[in-house]
Amino acid sequence: MHQPHTQADIDREIAELRGAGGGDHPSRDYAPYRSTALRHPKQPLVALKDPEAAELAGPVFGVTDVTAFDADLTRQHLGEPLGERITVTGRVLDRDGRPVRGQLVEIWQANASGRYLHQRDDHPAPLDPNFSGVGRCLTDADGRYTFTTIKPGAYPWRNHLNAWRPAHIHFSLFGTAFAQRLVTQMYFPGDPLFPFDPIMQSVTDDQARQRLIAAYDHELSKPEWSLGYRWDIVLDGPAATWREDS
């Protein structure tokens with residue numbers, strides 16, 4: 001999770017952008033995931049002469065901008081959202097397993113019916129007036145994040161005939177500046193749609209694919225309230241979490 005500062009960094013990024021991939025990460029242009037043909041960069045990266053100056057000119061946020069309600073997606077409206085309430089927690093780690101503190105973690109997701117609160121989502125499933133599907137928090141001193149939300153439903157998408165996306169939650173993490181960002185997805189164990197999803201199958205390394213799946217943790221489940229899932233995010237290195245670059 002970095003910006004390319006040296007020529008070697010730039011050359012490596014260009015090779016990946018042209019489809020070479022990198023380690024466990026899939027090619028940016030992955031034919032079964034049809035949108036990558038339109039979304040992946042086709043031109044070389046432009047090196048910034050002064051990357052630090054560009055970061056200083058970017059947007060900023062303070063700890064007072066993130067509230068407890070931001071991390072509890074079930075309490076953001078007057079009524080209760082429909083669906084299975086879950087708690088999702090984990091640690092954000094660097095390549096050496098050290099906690100990354102003060103990290104801005106954002107999530108967005110479909111509701112329990114598999115519908116996003118978005119004008120372009122015309123899936124004929126009901127919207128939930130008490131669920132917006134977005135949240136954020138800051139990691140604590142141990143690098144830990146925690147969200148309370150509703151388990152999202154599967155939904156159809158127009159990638160191919162009878163295409164359905166497995167239930168998932170999108171994650172976005174920022175580093176020390178907004179120019180540093182990792183976007184990824186968390187899945188749920190035992191989903192029967194995994195073999196049919198080209199986004200999941202684009203991660204060809206089985207261990208890397210398994211790292212995208214949260215673990216059910218009964219110790220995190222709260223009696224008569226929510227089921228618990230644990231999912232750690234590794235920002236870089238050999239065990240890095242898959243990033244949604246395309």
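In this predicted model, threonine 87 finds its bridge partner in strand β10, namely glycine 228. The two strands behind this pairing are β1, which covers residues 85–93, and β10, which covers residues 227–230. They run parallel and are joined by 4 bridges. Strand β10 has another neighbour in β9, a strand made up of residues 215–216. Here the sense is antiparallel, and the pairing extends over 2 bridges. Within it, tyrosine 216 of the chain is matched with tyrosine 229 of β10. Strand β10 thus pairs with β1 in the parallel sense and with β9 in the antiparallel sense.

A UniProt annotation takes up the story along the sequence. For residues 88–116, an unreviewed entry lists "domain: Intradiol ring-cleavage dioxygenases". In the model, 38% of this span is strand and 0% is helix. The C-alpha atoms at its two ends lie 19 Å apart.

Attention can now turn to the largest pocket, whose volume is about 1,200 Å³. Its lining comprises 30 residues, and those closest to the pocket centre are Tyr116, Arg120, Asp121, Tyr155 and Trp157. Several secondary-structure elements contribute to the lining: helix α2 (36–39), strand β5 (155–156) and strand β8 (181–187) each provide at least two residues. Sorted by class, the lining holds 12 nonpolar, 10 polar and 8 charged residues.

A word on confidence helps in reading these features. The average pLDDT of the chain is 84, and 81% of the residues reach a score of at least 70. Two stretches call for more care. Over residues 1–5, pLDDT stays under 50, and the model places 20 contacts beyond four places in sequence for this segment. Residues 13–23 likewise keep a pLDDT under 50. For that segment, the model has 19 contacts beyond four places in sequence.

Definitions and conventions. Residues are numbered from 1 along each chain as its sequence is written. This is a predicted model: local features need pLDDT of at least 70, side-chain atom pairs count only at pLDDT 80 or more; totals for chains, interfaces and linings use all residues. Side-chain values use heavy atoms; hydrogens and water are left out. pLDDT is the predictor's confidence in each residue, from 0 to 100. Contact means heavy atoms within 4.5 Å. Two strands pair if DSSP finds at least two bridges between them. On a 1 Å grid over the protein atoms alone, a cavity is a set of points where a 1.4 Å probe fits but cannot get out, and a pocket is an open set with protein on both sides within 12 Å along at least five of seven lines; lining residues have an atom within 4 Å of a point. Grid points are joined across faces, edges and corners, and a volume is the space filled by probe spheres set on the points. Ala, Val, Leu, Ile, Met, Phe, Trp, Tyr, Cys and Pro count as nonpolar, Asp, Glu, Lys and Arg as charged, and the others, Gly among them, as polar. UniProt positions are given in the numbering used here, feature names are shortened, and annotations may be inferred rather than shown by experiment.
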